[in-house]
Amino acid sequence: MAVAVTVRSEHLAPILPRLLHLLDALALACPAWTVAAFVLSDSSDPPAVAAEEHTLAALAQADRARIHYRRRADNTGFKAGNIMDFLDHDAAGFDLLLVLDADSTMTAAAVLRLARAMQADPRLGIVQHLTVGEPATSPFARLFQFGMRAGMRTWAAGQDWWQGDAGPYWGHNALVRIAPFRAHARLALLPDGRHILSHDQIEAALLRGAGWGVRVLVDEDGSYEAFPPALPEHLRRELRWLAGNLQYVHLLGLKGLQPMGRWQLVQAILLFAGAPFCVLFLLGAVAAAATDRTSAFPAGPALALTLAWAGTLYAPKLLGYLEVLISRTKRARYGDAARFLAGVLAETIFTLTYDAIGPLTRTIATARLVLGAQPGWTAQNRSARGVGWIEAARLGWPHMLLGIAVFAAFACAGGRAVLWAAPFAGGLLLTVPFAVLTANQRLGQWFHRHGIAAVPEEIARDVGDEVAAAAAAPVFETRRTLPPSCRPRPSQGQAPPGINDLPSCRK
């Protein structure tokens, strides 16, 4: 198995220790299994290249021999081109590829879980591990990953139930079968000659169209990523995803895709394409409130429609919270019920505020793309930092201006209209203080000290003993056996070459 970490102007200092630790753990669990690690760099900025080479040179000689470093002269095709270039030139002799991002962390147990799934079903082309946020000190990352963990768990379980082996691929913390991926997941240029930014969903759709399965293992244990530390970084990442996902419009008619593969692309498009409609709905409600002098505000129907919309939108997250609350064992993994509920309350306020900010940002970005703006792939900051008031004001002034206009218009319709709009549009008025406050390190330290929005891994780390570490198992029970759909079929015969030693691996 090859382990590939893709980087572009990233600091290697935190990446290499995680990679070496994974190699050590895999060697201990499966000493007969051949594993090689590769750092695939797309860095072109001279200081970043020099920093990468300096960090690698500082490794001990034995460790340096275990990590292969390759840097391309340019980043043609972005991350997808980086991976395919590696498969074309440096992956000879490997059957499987573990794809990691610069912020990925995986345990040996999680990797072996993916490998056993591959072994159990030779027709699987990709096995994607559910990935959760690692413990964070930044208030933004802490609250975001706390809520996303609850929502992703139930959402992914539902997706796996009805999509089966035509599931999604998120481009990292996943195991890829090299031969079919190289043969079928090679990305063509877009009609305008540009390369695709968001590669993962179309790669999964192409593999499924060629008869290879793509599955998600709904298991939280041992697969982590780092979330952006502040609102500006998060929005920059989202806008890069937006630009990439909207490119899928050009691929919906691609030959060879199955209906579920096309639906995966539609889902990715709708993740961002719905934002302008949210803004238009808000503007329509504003126009009605400001101009209708005869009709009373329809408080009952408005409340019913809003609750139905919010219940649908937030159902996965709410069900994830409920799952924890009804189980004493699962509550204990988060400390206790009181601290968990405090985290739920803080995250709910956080989400309602952010969800008022996000649609306008996406709408502005969509308009810029329509007008000809060219998206790119820039380096990401992953370190916690503060956000100053001037930076926040530059980012949030359009939102605050719209918020002032919105609530001035709703005030014309009376107090009930203002109360109706406050939970879902009030975040527009709070954009600037929200950006500053959610990056405030003192607030993050206070959250950590009181266990608010703490994840099980943080609880275990703080307690620091084996009992607590065992309590940090995922909220879904860790599957020590494969799900029914991943168990070997009677007609499958022998396991694929290269992973026959897995049954003898230590757990």
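The following dialogue examines strand β4 and its setting in a predicted model.

Tutor: In this predicted model, local features need pLDDT of at least 70, side-chain atom pairs count only at pLDDT 80 or more, and totals for chains, interfaces and linings use all residues. Residues are numbered from 1 along each chain as its sequence is written, and side-chain values use heavy atoms, with hydrogens and water left out.

Student: Why is strand β4 called largely enclosed by the rest of the structure?

Tutor: Buried means under 20% relative accessible area, exposed over 50%, and partly exposed in between (1.4 Å probe, protein chains only). Five of the five residues of β4 (residues 96–100) are buried, so the strand is largely enclosed.

Student: Which residues cover the two faces of β4?

Tutor: Leu96, Leu98 and Leu100 lie on one side, Leu97 and Val99 on the other, and all are buried.

Student: What makes β1 and β4 a strand pair?

Tutor: Strands (E, at least two residues) are DSSP runs, numbered from the N terminus, and two of them pair if DSSP finds at least two bridges between them. Four bridges join β1 (residues 2–7) to β4, so the criterion is met; the two strands run parallel. Alanine 2 has leucine 97 of β4 as its bridge partner.

Student: How do you know that β8 pairs with β4, and in which sense?

Tutor: Four bridges link β4 with β8 (residues 174–177), in the antiparallel sense. In this pairing, leucine 97 stands opposite valine 176 of β8.

Student: What percentage of the chain counts as buried?

Tutor: Of its 507 residues, 52% count as buried.
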